[in-house]
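Student: Could you take me through one part of this structure slowly? I would like to see how a single helix sits in its chain.

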Amino acid sequence: MNMQAGIKLTAAEAALVDTYNEQLGDLPGDGATLLARDTLLSDLKKAGLPTRRIEAWHYTDLKALLRAVPAFVLGADAGRVDPIVPGSAVLSVVNGKAHARVMQEGITVRSYGEALLDGSAAGDLVARDSDDVIGRINGSFVRDGLSIDFEDGLVVESPVEIQSVQNCGQVNTRFPVRFGAGSKATVIERHLAVGKEAALVTSVTDVTLADGAEVTWIIFQSEGEADTHLAQFKAELGANARLRLYVINAGGKLVRQEIDVAVTGEGSDLTLRGINLLGGESHTDVTFNVGHDVAHTTSTEVIRNVVFDRARGVFQGQIRVAQDAQKTDAKMSCNTLLLSDDAEFSAKPELEIFADDVQCGHGATVIDIDHTQLFYLMARGVPENKARAMLVNAFVAEIVEELEDETLVEALEGVISDWLETHA
Amino acid sequence: MLEIRNLHARIAEDGTEIIRGLNLTVNDGEVAAIMGPNGSGKSTLSYILAGREEYEVTEGDILYNGESILELDPAERATKGIFLAFQYPVEIPGVATMQFLKVAMNEQRKARGEDELSTPDFMRRVKEAAAGLQISPEMLRRPLNVGFSGGEKKRAEILQMALLEPKLCVLDETDSGLDIDALKIVADGVNALRSPDRSVVVITHYQRLLDYIVPDTVHVLYKGQVIKSGDKTLAHELEANGYADIIEAAA
């Protein structure tokens with residue numbers, strides 16, 4: 001109804017259309033790929049960016065918040081950085097250009113750019129539904145990424161870090177990853193900026209866990225203060241598969257991280273832990289959907305938010321339990337520490353349950369620093385600012401410690417306390 | 001060491017006066033016991049000495065080594081050598097006990113212009129002090145006070161006191177919730193710290209603790225004032241006859 005011809009585009013919408021037309025000649029892909037891109041872009045142009053009237057975007061009015069689109073810069077080189085966890089096997093993506101390489105036996109890595117070129121990825125380039133603006137933008141512009149396959153039964157000791165580093169422009173990547181039956185691995189998906197110039201980053205990760213796979217997946221986002229970061233993480237869990245997903249946001253000006261998990265195998269478990277470290281004038285939205293489609297599955301979601309300055313945060317969490325999904329056990333909580341009068345956080349938990357024999361719950365709290373704890377630390381000689389920082393750190397460290405792996409815990413606590421030291 | 005002069009203090013939030021003209025002097029090296037019935041202001045006094053914001057001093061002064069400490073925040077008082085062993089030590093999930101001990105020791109050293117402790121030196125000090133208080137390494141690996149039993153919490157307080165080497169130790173009902181074995185361990189820990197340049201204020205409801213930490217002076221607190229002072233025999237008198245006689249005599 002609102003899609004009549006001649007609708008006025010915002011500056012950002014017009015820039016997306018223009019940059020598409022400019023890049024059209026060298027976006028990788030065969031005819032089918034090009035057609036898929038065209039469809040996504042024209043849908044984007046027709047519908048425009050979503051406003052708060054679209055329910056899924058109610059707390060993140062993208063049309064109002066996305067003011068401009070930085071120009072695409074071909075061949076920009078942001079370099080590389082050390083991995084978060086020492087000893088990780090790094091797969092490097094520099095300003096959207098992926099560097100596939102030979103890994104240990106059992107891990108196959110292919111350039112996603114090649115899959116676009118030969119047309120085998122054309123089928124990926126579809127929107128999930130009419131609200132899927134990230135899928136539309138990413139699908140229109142995606143140039144590269146990595147397809148990774150962990151063979152059945154493979155146990156990988158050190159983490160694999162997918163390191164997507166950028167310093168400006170437009171970065172659009174995809175990461176389809178398959179974990180074979182019974183495989184075990186830890187993957188760190190890291191998005192970071194090394195420059196101050198604005199960037200528009202979109203990234204779609206599509207993960208499949210075959211039966212019995214056990215995966216720890218950590219998304220660590222530390223884009224720059226001027227950057228827009230729009231990302232999706234999609235996962236499908238086979239029977240008895242376990243996915244432990246950590247999402248840490250510690251950067252960006254405008255951030256939306258969507259998480260869609262389909263729990264489709266009996267006996268499978270999803271553990272989601274989210275940490276949002278928000279400061280400055282940033283806007284960060286984590287929108288999560290889990291669908292329990294079969295019986296005897298579990299999921300727990302704990303989100304901890306620390307909000308300073310004039311930052312705004314959003315968590316939308318939806319648990320859906322299908323009619324056949326009896327004995328589902330799902331619990332979600334969202335706790336926020338608001339550290340300034342101008343800080344804001346909106347939490348919207350939703351349960352949609354069609355089965356009658358399930359245990360599901362959710363809760364949300366907003367708190368301030370505990371004065372008794374603060375007094376106790378100060379009474380031991382810890383100065384007030386340091387004592388406050390320790391308590392803020394403790395609020396999020398509690399869920400990092402659940403990881404148990406000491407190197408991983410230490411590495412994540414390190415990046416968190418670094419952030420707090422510069423922002424608190 | 002400590003001189004409290006005509007101290008009046010109230011709860012900041014609702015203005016309830018708790019301390020009403022309290023006078024007390026504690027000399028260097030002295031162990032002073034403060035006894036009194038429930039609600040006499042004992043715990044409030046300990047919080048005021050440590051600088052808790054929830055209480056407001058409206059009159060009088062607290063002199064520590066001749067200087068008023070009323071304008072100092074809790075961290076500054078701690079750095080000057082005032083230590084409060086809490087009646088209810090606070091649980092802080094997410095803060096590791098060892099990390100907390102290291103930060104506290106080093107922040108105090110930094111504030112006094114001393115070098116920070118090296119990790120081996122720090123570990124050695126903790127190990128030595130913990131052994132004397134029968135604190136296991138496993139307990140030190142837990143988050144601060146989280147999941148500690150009542151006795152473990154009190155021992156952990158004394159451990160902190162031993163490591164921070166304060167000059168004025170205030171023990172707030174350190175005996176509450178302790179069985180006799182735990183009480184002895186805690187008392188031994190305190191006695192080991194007695195020295196001519198360190199004073200101890202022992203706040204307690206019962207005489208029992210004073211059999212193990214023998215005080216030089218005993219003061220009876222009632223309705224926010226010291227109504228009687230004496231030597232350790234006063235504590236025995238209280239144990240035998242209760243507070244009623246003394247309160248009546250003072251009235």
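Tutor: Happy to help; here is a walk around one helix, then its chain, then the neighbouring chain.

This is a predicted model, where local features need pLDDT of at least 70 and side-chain atom pairs count only at pLDDT 80 or more, while totals for chains, interfaces and linings use all residues. Residues are numbered from 1 along each chain as its sequence is written, and chains are lettered from A and ligands numbered from 1 in the order in which they are written.

Let's pick helix 7 of chain B, residues 180–192. Helices (H or I, at least four residues) and strands (E, at least two) are DSSP runs, numbered from the N terminus. From first C-alpha to last, the 13 residues of helix 7 of chain B reach 18 Å, close to the 18 Å expected at 1.5 Å a residue (the expected span is 1.5 Å times one less than the number of residues).

Now look at which residues are tucked away: B:L183, B:V186, B:A187, B:G189 and B:V190 are buried. Buried means that 20 or more other C-beta atoms lie within 10 Å of the residue's own; 12 or fewer makes it exposed, anything in between partly exposed, and C-beta atoms are placed from the backbone. Viewed down the axis of helix 7 of chain B, these buried residues fall within an arc of 155°, so they line one face of the helix. (The arc is that of the directions from the helix axis to the C-beta atoms.) Their cover includes helix 4 (119–132), helix 6 (150–164), strand 9 (168–172), strand 10 (199–204) and helix 8 (208–212) of chain B.

Stepping back, chain B has 10 helices and 12 strands. Its C-alpha atoms fill a box of roughly 55 × 40 × 35 Å along the principal axes, and 41% of its 251 residues are buried. Among contacts in chain B between residues at least 6 apart in sequence, 72% join residues at least 24 apart; two residues are in contact if their C-beta atoms, placed from the backbone, lie within 7 Å.

Chain B also meets chain A: 21 residues of chain B are in contact with 18 residues of chain A. On the chain B side, helix 2 (74–79), strand 7 (92–96), helix 3 (97–111) and helix 6 each give two or more residues. Helix 3 of chain B gives the largest share, five residues.

For a contrast, visit helix 5 of chain A (residues 133–141): nine of its nine residues are buried, so this helix is largely enclosed by the rest of the structure.
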